[in-house]
Amino acid sequence: MKKIIVTLLILFCVSSVNFAQDYNTGIGLRAGYSNGLTIKHFISNKTALEGILSSRWQGVELTGLYEIQNRIANAERLNWYFGFGGHVGIWDGDHADWGTRGESYTVVGLDGIIGLEYNFTEIPINIGIDWKPTLNIFGYSGFWGDGGALSIRYIF
């Protein structure tokens with residue numbers, strides 16, 4: 001039974017080795033509860049690094065992600081991806097319902113991401129939708145599950 005599972009796992013991995021990306025780098029805007037800028041750069045056919053600079057609660061947050069990208073079978077230029085990373089940020093307690101007036105919060109935490117993206121053939125534009133939950137470990141600690149966003153990038 002173990003041999004069958006290992007064989008199926010290897011076949012799955014080999015079958016998804018096809019080129020997963022249609023671009024090298026994309027730069028654009030990210031809109032959701034947290035708005036900002038995004039840059040995604042592929043370091044191999046299936047892996048990318050993404051940086052996000054976002055603003056929320058009159059503060060700023062910098063996120064770095066490592067992502068694994070895969071094609072969706074029979075859907076040309078449509079990809080799904082997942083990944084993980086971390087963030088550091090500063091939030092202003094005066095502009096958050098949960099915050100304490102007059103207090104700033106410096107946060108450090110872990111991030112996950114899962115999403116879909118489509119790369120247009122006619123124009124060098126990529127559009128994606130994702131969910132990026134975070135866990136703040138230091139600062140205002142806790143789980144934040146509202147990290148969904150829409151990203152539009154210029155790709156080259």
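User: What makes β7 and strand β10 (residues 149-155) a pair of strands?
Analyst: Two strands pair if DSSP finds at least two bridges between them. Six bridges join β7 to β10, so the pair meets that definition. The two strands run antiparallel, and Ile129 stands opposite Leu150 in β10. The model is predicted, so local features need pLDDT of at least 70 and side-chain atom pairs count only at pLDDT 80 or more, while totals for chains, interfaces and linings use all residues. Residues are numbered from 1 along each chain as its sequence is written, and side-chain values use heavy atoms, with hydrogens and water left out.

User: How do you know that strand β6 (residues 104-119) pairs with β7?
Analyst: Six bridges join β6 to β7, therefore the requirement of at least two is met. These strands run antiparallel, and a hairpin of five residues connects them. Asn119 stands opposite Asn126 in β7.

User: Why are the side chains along strand β7 (residues 125-131) said to alternate?
Analyst: Asn126, Gly128 and Asp130 point to one face and are buried. Ile125, Ile127, Ile129 and Trp131 point to the other face and are not buried. Buried here means under 20% relative accessible area, exposed means over 50%, and partly exposed is in between (1.4 Å probe, protein chains only).

User: Why is Asn74 called exposed?
Analyst: Its relative accessible area is 85%, which is over 50%, so Asn74 counts as exposed. Asn74 lies in the loop between β4 (59-72) and β5 (75-92).

User: Why is Arg77 called buried?
Analyst: The relative accessibility of Arg77 is 16%, which is under 20%, so the residue is buried. Arg77 lies in strand β5.

User: What makes the phi values of Asn74 and Arg77 worth listing?
Analyst: Most residues other than glycine have a negative phi. Phi of Asn74 is near 60°, and phi of Arg77 is about 70°. Both values are positive, and neither residue is a glycine.

User: How many helices and strands does the chain have, and what makes a run count as one?
Analyst: The chain has one helix and ten strands. Helices (H or I, at least four residues) and strands (E, at least two) are DSSP runs, numbered from the N terminus. Along the sequence the pattern is α-β-β-β-β-β-β-β-β-β-β.

User: What share of the residues is buried, and what share of the contacts between residues at least 6 apart joins residues at least 24 apart?
Analyst: Buried residues make up 40% of the 156 residues. With contact meaning heavy atoms within 4.5 Å, the share joining residues at least 24 apart is 48%.
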